[in-house]
Amino acid sequence: MEKIMLASDYQEGAHPAIIKRLCDTNLLSTEGYGTDDFSESGRVKIRKACECPDAAIHFLVGGTQTNATVIDALLRSYEGVIAADSGHISVHEAGAIEAGGHKVLPLCNDYGKIDAVQLRDYYETWLNDGNRDHMVKPGMVYLSQPTEYGTLYSLKELTSISNVCRKYHLPLYVDGARLAYALACPENDVTLPDLARLCDVFYIGGTKCGALMGEAVVIPDPTLIPHFFTIIKQHGALLAKGRLLGLQFDTLFTDDLYEQIGSVAIRSANRLRDLFKSKGYTLSFASPTNQIFLTVDDKQKEHLDSFSVSSFWEKADDGRTIIRFATSWATSEEKIKAFEKCL
């Protein structure tokens, strides 16, 4: 039997509307490096969605390249980036930030999140340390929306963090690799205009949200990083056939497609949560977006592994295992029904 793949949200290719446009425009000749009309149209639509008409929009090839490029562009040589100790740059990017010459400064997470009080206390501790000139200076703050645990920052939480960042002149950067699933979640109250207002830089994820590849970096104040295009190229994150990225985002931001495809993942994830609860499985914690975390014993894990593919998360304190299932824009009703039958 072919196993049901639910290990991550980037297992499929791309939304059919994107594939169609790529095919329809395949033989057209355009300028390179994102200077084409498709990319410019995508930028116009993203600016409108963010209610930020002057924002600089840049298309990069992937999440790790985006994080490494943005962080290196924002920091000076002696500065590091504050992040949750569960953050993607802290754990799952193979030291990419450190390889670029900047230290990740981790804070303890609360189901993936940090808060404004933690942030203030951390910076004040550094500021009042007599040895701070011998230490890495906190130079910016990194968050994910949703977090690596599938949890969400509320508008109140994000506003409080933004206020602390502005008090201490710390650029706030939000990783939106799964942003479509946050925007589509009923529990979410943070909009694209909110992100543009409260953040110094954020990115709109494409790779995990319906695109073949690519992320859209939004810089509300273009003067913050005036030579970002050149910095992207320095980091090997500039695609020569940039129209392949721009066209995808132009499609995703036509007729609200980006949020619509996020809704598919949320509905599928909620169905799975209900199924797991009805069969007596233990949800590790509440995560309202497209990631579902289960704490399972060996027998439960063996049963699930017999017909599906999940991803290992971590070992629980009681010896059980925490595993993750992730739905996506392409998780069909048929897939959920097949999973229910096997479960």
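# Sheet order, helix packing and local environment in a predicted model

In this predicted model, seven strands build an open sheet of mixed pairing, in the order 2-8-7-6-5-3-4.

Q: What makes strand 2 (56-60) and strand 4 (104-107) the edge strands?
A: Strand 2 and strand 4 each pair on one side only, and they are therefore the edge strands of the sheet. Direction ignored, neighbouring strands of this sheet are turned against each other by 25 degrees on average.

Q: How do you know that strand 2 and strand 8 (residues 215-219) pair?
A: Pairing requires at least two bridges between two strands. Strand 2 and strand 8 are joined by five bridges, in the antiparallel sense. One residue placed opposite another here is L60, which faces E215 in strand 8.

Q: What is the sense of pairing of strand 3 with strand 5 (residues 137-144), and over how many bridges?
A: Strand 3 and strand 5 run parallel and are joined by four bridges. Within strand 5, M140 stands opposite V81. Strand 3 also pairs with strand 4, in the parallel sense and over four bridges; the bridge partner of V81 in strand 4 is V104.

Q: Why is strand 3 (residues 79-84) described as largely enclosed by the rest of the structure?
A: A residue is buried if its relative accessible area is under 20%. Six of the six residues of strand 3 are buried, so strand 3 is largely enclosed by the rest of the structure.

Q: Why is T66 called buried?
A: The cut-off for a buried residue is under 20% relative accessible area. T66 has a value of 0%, and is therefore buried. T66 belongs to helix 3 (residues 63-74). Residues up to four places away in sequence not being counted, T66 touches L60, Y173, Y203, E215 and V217. Among these contacts, L60 and E215 are the residues that stand opposite each other between strand 2 and strand 8.

Q: Why does A7 count as buried?
A: The relative accessibility of A7 is 13%, so A7 counts as buried against a limit of under 20%. A7 lies in the loop between strand 1 (4-5) and helix 1 (16-24).

Q: Which residues are in contact with A7, leaving aside its neighbours within four places in sequence?
A: A7 is in contact with V309, S310, S311, R324 and A326. The C-alpha atoms of A7 and F325 are separated by 5.4 Å, although the two residues are 318 residues apart along the chain.

Q: Why is helix 12 described as roughly parallel to helix 14?
A: The axes of helix 12 (residues 257-278) and helix 14 (residues 333-342) come within 11 Å and cross at roughly 10 degrees. Angles under 35 degrees count as roughly parallel, and helix 12 is therefore roughly parallel to helix 14. Helix 12 contributes S268, R271, L272, L275 and F276 to the contact, and helix 14 contributes E333, I336, F339 and E340. By class, five residues of this contact are nonpolar, one is polar and three are charged.

Q: What makes helix 2 and helix 11 oblique to each other?
A: Helix 2 (residues 37-50) packs against helix 11 (residues 243-252) at an angle of about 40 degrees, with the axes 7 Å apart. Roughly parallel applies to angles under 35 degrees, and roughly perpendicular to those from 65 to 115. Helix 2 and helix 11 are therefore oblique to each other. The crossing of helix 2 past helix 11 is left-handed. The contact involves F38, S39, S41, G42, K45 and I46 of helix 2, together with R243, G246, L247, F249 and D250 of helix 11. These residues divide into four nonpolar, four polar and three charged.

Q: Why does D255 count as exposed?
A: Exposed means over 50% relative accessible area. At 65%, D255 therefore counts as exposed. D255 is located in the loop between helix 11 and helix 12. Its phi is near 55 degrees, a positive value in a residue other than glycine.

Q: Is A94 buried or exposed, and what is its relative accessible area?
A: A94 is exposed, with a relative accessible area of 79%, set against a cut-off of over 50%. A94 lies in the loop between helix 4 (88-91) and helix 5 (96-99). Although A94 is not a glycine, it has a positive phi of about 55 degrees.

Q: What makes the peptide bond from Q145 to P146 cis?
A: The omega of this bond is near 0 degrees, and the bond is cis. P146 lies in the loop between strand 5 and helix 7 (155-167).

Conventions
Residues numbered from 1 in each chain as written. Predicted model: local features only at pLDDT ≥ 70, side-chain atom pairs only at ≥ 80, totals over all residues. Heavy atoms only, no water. Axes fitted to C-alpha atoms, helices over the stretch in contact; angles between N-to-C directions. Helix = DSSP H or I, 4+ residues; strand = E, 2+ residues; numbered from the N terminus. Parallel < 35°, antiparallel > 145°, perpendicular 65-115°, else oblique. Contact = heavy atoms within 4.5 Å. Nonpolar A, V, L, I, M, F, W, Y, C, P; charged D, E, K, R; others polar. Left-handed = near helix turned anticlockwise from the far one by under 90°. Buried < 20%, exposed > 50% of the residue type's maximum accessible area, 1.4 Å probe, protein only.
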